[in-house]
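Let's take a walk through this model together, starting with how its parts meet and then looking at each part in turn. Keep the viewer open as you read.

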Amino acid sequence: MGITKRAILGLTCAFGMSAALAGSALADAHGGWKPKKPVEFVVMAGKGGGADKAVRLMQAIIAEDKLAPVPITPVNKPGGSGAEALVYMKGKNGDNHTIMFTLNSFYTTPLRQKALGVDITTFTPVMRMAEDTFCLWVNSDRKDINSVDDFVKEAKAAGNKWIMAGTGKNSEDNLLTDFLNTAYGLDMKYVPYKGGGKVAKELAGNNANSTVNNPSEQLGFYEAGKTKPLACFTPERISLFKDAPTFKELGKDFVYFMQRTVVGAPGMNGDAAKYYNELFTKVFNSEKWQTYRKKKALVGPALAGDALMDYWKKERDIHKKMLIDMGAIKG
Amino acid sequence: MMEIISLLAGGFAVAFEPLNLMLVIIGCTLGLFIGAMPGLGSVNGVAILLPLTFLVPPTGAIIFLAAIYYGAMYGGAISSIMLGIPGASTAVATTFDGRPLAKQGMADKALTAAAVASFVGGTISVLLFTFFAPPLAHVALVFGAPEEFALMLLAFATFVGLGGDDIWKTIFSICIGLVLSAVGLDIISGEPRLIFADITGFMHGINFLVLAIGIYGIGEMLWTVEENHKAGGRSMLSEATVTVKRTIANLRELLGAWKAMAMGSFLGYFVGILPAAGATPGSLMAYGIAKQISKEPDKFGEGAIDGVAAPEAANNAASTGSMLPMLTLGIPGSPTTAILLGGMVIWGLEPGPLLFTQHADFVWGLIASLYVANFFAVVINVAFIPVFIAVLKMPFTILAPIIFVLCLIGGYAPTKDLHDVWLMIIFGIVGYLMRKLDYPLAPAVLAIVLGPLAEPALRQSLLIGDGSFNIFFSRPYSASIMTAALVLMFLPVFKLIYDKMKKKPQAAEG
């Protein structure tokens with residue numbers, strides 16, 4: 001074997017080894033439970049979506065401020081509206097090194113797919129990092145639509161030719177579309193796309209008539225004057241869009257949030273749960289996370305422990321009722 | 001025009017800052033190796049290194065990651081050619097002819113062609129990016145589901161006849177690929193499909209790399225074992241050498257491939273700017289079209305230089321192209337740009353139509369660094385060719401186990417699920433048997449790449465159009481692409497009829 005060949009083998013090995021070494025930083029010894037190996041941070045959605053971006057931001061905050069003795073590695077499990085991630089977490093029963101970032105599919109997927117055998121009350125509550133908000137959006141080219149009244153008039157006239165783009169069947173967007181259809185007597189057609197960014201773009205490109213995007217997804221187009229919010233599904237007006245009323249103001253008592261929550265594997269050791277609680281309290285209070293919340297119009301205080309579990313149970317019941325109402329599941 | 005040039009000059013000032021220049025060089029080199037490792041690819045490389053980037057300012061960070069992305073496009077060709085395993089999904093088309101060339105003892109020719117074509121594709125696309133970004137961003141914006149489906153149909157059409165003479169075997173192969181691509185979550189209804197009694201490993205669908213590495217990595221290795229056995233343990237692979245004379249001859253021959261390179265560059269760039277398409281369909285389409293326009297289409301698959309040059313030019317051009325929707329629309333044009341988008345959030349930058357005006361430094365620094373990265377990537381790549389050639393001189397008995405391990409890692413890395421590794425081995429064996437029975441495999445790989453892109457687009461279009469196919473012909477972009485696709489698809493049939501009619505009079509004369 002010549003020198004060059006050795007060099008290549010060496011390079012290949014060195015590459016692998018350095019990757020392995022990076023993963024085995026040592027835990028320091030003083031006080032309480034500490035993770036002993038890299039922590040898997042499961043994302044219930046694909047790479048590049050809102051949840052994924054938030055996870056990578058938290059990963060960066062933890063690494064930059066050296067909040068954890070081990071690396072936090074995001075793992076995407078987007079399959080089956082979170083079913084893949086939920087089943088994976090269920091299989092990690094008793095594991096102290098696996099956490100997950102969840103959305104509202106945390107409630108809806110186990111409700112819709114009983115066969116998964118996932119009981120979310122067995123999961124370990126760590127911390128709710130934020131609640132994302134929703135607004136009703138139209139393209140700015142529609143000079144004739146400046147309020148929900150205008151919207152209802154136009155959508156009613158268009159009947160089922162009115163296209164509402166959203167992020168998948170039975171998703172949060174679908175629930176909100178059903179709400180609007182029922183509340184205003186509309187017959188909008190719901191067309192599912194992959195991911196909120198894509199949905200936002202379909203509206204900006206006039207391939208859809210309206211959307212119910214999160215503010216963060218439409219922000220770029222909104223700032224460029226391409227799309228505009230008509231009203232928001234929040235209890236109070238969002239400071240970024242002062243002119244958009246809430247549906248509450250318009251007499252429709254409908255408030256809807258998407259949780260952005262860190263959850264631990266079922267049966268996680270109590271000390272480990274405490275560790276992650278402290279870790280994510282630091283992340284929550286970091287300047288970067290607070291800036292991110294402000295910029296993305298995220299609301300909702302941090303929630304942990306039993307309070308978070310109670311919140312889950314309450315939200316699950318609300319979602320159960322919504323799914324029954326829209327005919328997605330039987331009562 | 002003048003304004004663009006002055007902005008670009010400002011960008012070069014940013015790109016030539018010592019720190020940024022260093023980041024470009026490190027990024028290109030890292031990317032080259034990341035791309036060359038089967039299964040690692042630019043997506044995983046960028047994802048792994050993302051947290052490192054908060055150490056430098058945002059502009060430096062995106063320059064570093066873009067250089068990795070870029071370097072990986074060059075690197076992907078290396079394992080495609082040398083080992084027959086696509087280093088990344090974007091380099092699959094490169095295996096079709098790169099591998100046969102290597103087997104004929106001409107790996108140096110294939111590697112040179114890949115490097116030069118990548119450089120050409122990269123340069124043309126950055127020029128297009130520099131001067132035509134805003135109008136093209138508009139095209140990407142109005143491109144809806146019907147246009148996307150029309151484009152995918154066009155990609156399939158370019159592949160008609162790719163599989164060889166037996167049209168039925170080609171169709172069979174495409175169908176297998178489509179069925180495999182249907183496994184997993186149905187995007188429209190949200191229900192899992194074909195998961196075989198709730199095997200959770202099928203929930204995330206069948207990653208394209210699992211099939212590609214299975215068929216081309218493991219299948220190819222089994223094939224080589226058999227060939228080596230027949231040849232008494234000798235292989236032509238080790239015949240490649242690098243000499244000045246050979247390199248000059250290689251470069252001269254490459255001049256003849258200019259048409260394929262130019263076509264690949266433009267096509268790759270335009271496909272790249274379309275949201276969600278990315279570099280993989282671009283390079284596959286470029287390969288198909290290169291074959292269609294070639295004077296010697298029979299040589300494709302046997303080691304045609306055009307067959308290496310076209311997809312390599314296209315995948316680099318597409319990687320530049322996919323930056324456009326990322327920056328201006330905030331939506332990724334490829335899986336790797338999805339991660340870059342995540343990075344922009346960490347750095348506190350808001351992608352969108354205003355980014356070009358609000359953060360001109362950032363955008364133009366990135367564009368200028370692409371020119372610089374392109375230059376360094378080709379230099380580094382060419383410098384490493386003798387080293388890569390030396391690897392091929394290793395005895396097959398040593399090389400084979402290394403390739404096998406690389407395949408397994410490559411199958412495991414994207415999903416971190418052992419299920420996929422087993423699946424890959426099964427695909428490898430089935431792929432080997434299919435090849436023995438003379439079934440073309442490329443159409444299956446094409447189908448598993450394009451299937452998941454085409455299916456939602458088709459169903460969304462039909463939903464919007466109330467189930468009528470008229471929607472594809474009532475919109476200007478979609479109608480023209482659709483027509484082109486249909487013409488291309490039936491071209492072989494017309495050709496067949498034409499040839500027959502031409503033959504008949506001759507027969508009558510004789």
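A salt bridge here is a side-chain nitrogen of Lys or Arg within 4 Å of a carboxyl oxygen of Asp or Glu. Keep in mind as you look around that this is a predicted model.

With that term in hand, go to the place where the chains meet and find Lys198(A) and Glu148(B): their side chains form a salt bridge, with 3.0 Å from N to O. How many salt bridges does the rule find across the interface of chain A and chain B? It finds three. Polar contacts cross there too, with ten residue pairs of chain A and chain B turning up, both partners at pLDDT 80 or more.

Which parts of chain A do the touching? The elements that put two or more residues on the side facing chain B are the helices α1 (3-22), α2 (50-64), α3 (83-91), α7 (196-204), α8 (215-223) and α10 (287-295), along with the strands β2 (72-76) and β7 (189-192), each of chain A. Sort the residues on that side of chain A by character and you get 24 nonpolar, 15 polar and 20 charged.

Now zoom out to the whole interface. Chain A brings 59 residues into contact with 59 residues of chain B. The area buried between the two chains is about 4800 Å², and carbon and sulfur atoms give 67% of that.

Next, chain A by itself. Chain A has eleven helices and ten strands, and its C-alpha atoms fill a box of roughly 75 × 50 × 40 Å along the principal axes. A compact globule of 331 residues would have a radius of gyration near 20 Å, and the 22 Å of chain A agrees with that.

Chain A also splits into two domains. Domain 1 takes in 30-132 plus 257-325, while domain 2 covers 135-241. Their centres, taken over C-alpha atoms, sit 28 Å apart. Where the domains touch, 15 residues come from domain 1 and eleven residues from domain 2 of chain A.

The area buried between these two domains is about 1000 Å², with 62% of it from carbon and sulfur atoms. On the domain 1 side, Phe257(A), Lys296(A) and Ala297(A) lose the most area to domain 2, together 34% of what that side buries. What about salt bridges between domain 1 and domain 2 of chain A: how many does the rule find? Zero. The count of residue pairs in polar contact across this domain interface, both at pLDDT 80 or more, is zero as well.

The elements of chain A that give two or more residues to the domain 1 side of this contact are α4 (105-112), β10 (258-264), α10 and α11 (305-325). Of these, α11(A) gives the most, with three residues. By character, the domain 1 side divides into six nonpolar, three polar and six charged residues.

Salt bridges do turn up elsewhere, and the count over all chains comes to 24. One to look at is Glu64(A) with Lys288(A), whose side chains meet at 2.9 Å, N to O. This pair links distant parts of the chain: Glu64(A) lies in helix α2 and Lys288(A) in helix α10 of chain A, 224 residues apart.

Last stop, chain B. The secondary structure of chain B comes to 21 helices and two strands. The radius of gyration of chain B is 22 Å, close to the 24 Å that the globule rule gives for 510 residues, so chain B is as compact as a globular protein of that length. The C-alpha atoms of chain B fill a box of roughly 70 × 60 × 60 Å, again along the principal axes.

Terms used. Residues numbered from 1 in each chain as written. Chains lettered and ligands numbered in written order. Heavy atoms only, no water. Contact = heavy atoms within 4.5 Å. Buried area = accessible area lost by both parts, 1.4 Å probe. Polar contact = N/O pair within 3.5 Å; in protein donor to acceptor, adjacent residues only side chain to side chain. Helix = DSSP H or I, 4+ residues; strand = E, 2+ residues; numbered from the N terminus. Nonpolar A, V, L, I, M, F, W, Y, C, P; charged D, E, K, R; others polar. Domains from an automatic or database assignment. Rg over C-alpha atoms; globule rule 2.2 N^0.38 Å.
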